[in-house]
Amino acid sequence: MSTSVRVFHHTYVDSVVQLGAMRAMRKVEGVEWASAGMATPANVDALREEGVASDELNDSGSDDFFVAVRAADDEAIRRALSAAEEAAFAGRAAAEVGPVEAPVRSLREAAARQPGSNVAVVSVPGQFATLPAYQALTQGMHVLLFSDNVPVEKEMGLKDYAHGRGLLMMGPGAGTAVVSGVGLGFANVVRRGVVGVVAAAGTGAQEAMCLLDRWGVGVSHVLGVGGRDLSSAVGGSAALSAVRALRGDPATEIILLVSKPPAAEVAARVLASAEGFPLVATLIGGGDRWGSADSVEVADTLEGGVLATLRALERPVPDTATTAGPSMEDARGRLGPSRRLVRGLFSGGSLCYESLVLLGRALGTVYSNTPLDPALGLPAPPGSHLCLDLGEEEFTRGRPHPMIDVEARVELLREHAADPDVAVIILDVVLGFGAHPDPAAVLAPECAAIMAANGPQVVVYVLGTDADPQDRRAQRDSFVQAGCIVTETAARASLVAAAIAADRPNLAVEAL
């Protein structure tokens, strides 16, 4: 086997293009392994751990794009690298036919070329994200800072600066927003409505907006604030700004706040900032210890928060316990008595956290790479229930997020399906802009093969809408045809899994 790497200096390509280049190389006959990405220090370290050595890597940086491949011979490597270059740059070359403007090199240049812009999306490596965010704020633009790994002190500085200028600083690490009907980041196609969502949880925001859309209410805006915003260090600065903005928005009748449990003093400050405006706070796993006021209701699951919002609006409350596919009794009947464990393989961090809460209540101790209790981290002892957030760094080093690259989950599916004690595998399938174009085409056949081989049963939740590019209904149908149980909400997927594993069907219909 031979290994080669090619570096394209000062060339940025996004995660979708990186994934396309990687897939193109893996399809070439004779290729054993391939990777593509930006030459960040973490990605370069991952290449070296894979045995890729090249002088080009020594001179590379975070704004350089690389493709790397290991193959049977030099001819296979040549064909793979050519395929990667074609996949990454063919569309760019086609777009450049005819007169081409000079490329924009800064946010200031972009704003000058498109006057009147009032929102900037910043998605660059975290160490370089602060300057363009400040530039956008200085020019009077709200900011969605998609970038991760921005130091907390810089986040605080950006948010204080934005707050003082009456602007929204969404992020860092804000993966989702919908502003006046325009989706930013990993957004879904949802109807306009009367609920304004403030979210310190990316897939939590997506679950909230999609359930509101599905149940006929819709959203006015969805404002992501970043996962650290409600910590004691940051103090809820962006959440306070977002609540203030939504209170003043004539299209918003109620606010839905979505977060993992925040610092208590920050929660009190943000809830109090409603000042009589109707607000539902979904603090995932937070219980009822946050207090309440006449205008504020607190829920501890995503489903519970959306249902509370419907009740506050005096809208009909749907039956969330229905499922598609085989019955729980049939699923349990296919399993041997030794199969009693649950495995959750999540692309959404908020959904993983919610599952930990619900499985913990139903089944007891659950281990995770993002545990509720630090003592329940990995490695888990044999015979444990387990939930994994596959969007964490240990699973994404050197490859795109699993919402983009669903093939990354196939190996883990097979690995956990091979455990003779596993009864149920939970899969979340997140749709929307930026996500994989057809995740069911990859995952549903794997699920069918696992269950046909007398493996564990698979419970699937498809997060999205029928108007999303992937079409939620078509995705659900694919998993049902594969023999999976498909649930109405993410929370119900965990309860159904627990009911099958424990052979207690009533678990799946108990109140959340």
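Analyst: A crossover is right-handed if, with the strands pointing away from the viewer, the path from the first strand over the helix to the second runs clockwise. This definition is needed for a unit described below, and the model in which that unit is found is a predicted one.

User: What makes S18, helix H16 and S19 a unit, and which hand does the unit have?

Analyst: Strand S18, helix H16 (residues 439-452) and strand S19 make a β-α-β unit, and the unit is right-handed. The two strands of this unit, S18 and S19 (residues 457-463), also pair with each other in the parallel sense over seven bridges. Since two strands count as paired if there are at least two bridges between them, the seven bridges between S18 and S19 satisfy the rule. One place to look at this pairing is Val429, which stands opposite Val462 in S19.

User: How do you know that S18 pairs with strand S15, and in which sense do they run?

Analyst: Strand S15 (residues 341-346) is joined to S18 by five bridges, and the pairing is parallel; the rule asks for at least two bridges, so the two strands count as paired. Within this pairing, Leu345 has Leu427 in S18 as its bridge partner.

User: Why is strand S18 called mostly covered?

Analyst: Strand S18 spans residues 422-430, and nine of its nine residues are buried. To be buried, a residue must have under 20% relative accessible area, so the description of S18 rests on nine residues that meet this cut-off. Val429 is also found in a nonpolar core of 32 residues, which includes Leu345, Leu390 and Cys484 as well.

User: Which residues have the most contacts inside the largest nonpolar core, and which helix gives the most to this core?

Analyst: The largest nonpolar core has 65 residues, and those with the most contacts inside it are Val195, Val197, Leu212, Leu256, Val258 and Ile500. Helix H18 (residues 490-502) gives the most to this core, contributing eight residues. Leu212 shows what such a position looks like: when its neighbours within four places in sequence are set aside, its contacts include Val195, Val197, Leu256 and Val306. As a general background, nonpolar side chains tend to be buried together in soluble globular proteins.

User: What makes S4, S5 and S6 a sheet, and which of these strands are at its edges?

Analyst: The three strands form an open sheet in the order S4-S5-S6, with parallel pairing. Strand S4 (119-122) and strand S6 (169-170) are the edge strands, each pairing on one side only. Strand S5 (residues 142-145) is joined to S6 by two bridges, and because at least two bridges are required, this count meets the rule. Leu144 stands opposite Met170 in S6.

User: How do you know that Cys210 and Cys447 are not in disulfides?

Analyst: A disulfide requires two cysteine sulfur atoms within 2.5 Å. The sulfur of Cys210 is 19 Å from the closest cysteine sulfur, that of Cys352, and is therefore too far away for a bond. For Cys447, the nearest cysteine sulfur belongs to Cys484 and is 4.1 Å away, and Cys447 is in no disulfide. The structure as a whole holds zero disulfides. Both cysteines are nevertheless buried, since Cys210 has a relative accessible area of 0% and Cys447 likewise has 0%.

User: Why is the pair Lys159 and Asp229 called a salt bridge, and what does the pair tie together?

Analyst: The closest N and O atoms of Lys159 and Asp229 are 2.7 Å apart, and the cut-off is 4 Å, so the pair qualifies. Lys159 lies in helix H7 (residues 152-164), while Asp229 lies in the loop between strand S10 (219-224) and helix H9 (237-247), so the pair ties together parts that are 70 residues apart in sequence. Lys159 counts as buried at 2% relative accessibility, and Asp229 is buried at 0%. Shared partners join Glu155, Lys159, Arg228 and Asp229 into one network of salt bridges.

User: Are Glu75 and Arg78 buried or partly exposed, and how many residues apart are they?

Analyst: Glu75 counts as partly exposed at 38% relative accessibility, as does Arg78 at 45%, because partly exposed covers values between 20% and 50%. They are three residues apart in helix H4 (residues 74-95), and so are separated by about one helical turn. Their closest N and O atoms are 2.7 Å apart, and they form a salt bridge.

Definitions and conventions:
Residues are numbered from 1 along each chain as its sequence is written. This is a predicted model: local features need pLDDT of at least 70, side-chain atom pairs count only at pLDDT 80 or more; totals for chains, interfaces and linings use all residues. Side-chain values use heavy atoms; hydrogens and water are left out. A nonpolar core is a set of buried Ala, Val, Leu, Ile, Met, Phe, Trp, Tyr and Cys residues joined through side-chain atoms within 4.5 Å. Buried means under 20% relative accessible area, exposed over 50%, partly exposed in between (1.4 Å probe, protein chains only). Helices (H or I, at least four residues) and strands (E, at least two) are DSSP runs, numbered from the N terminus. Contact means heavy atoms within 4.5 Å. A salt bridge is a side-chain nitrogen of Lys or Arg within 4 Å of a carboxyl oxygen of Asp or Glu.
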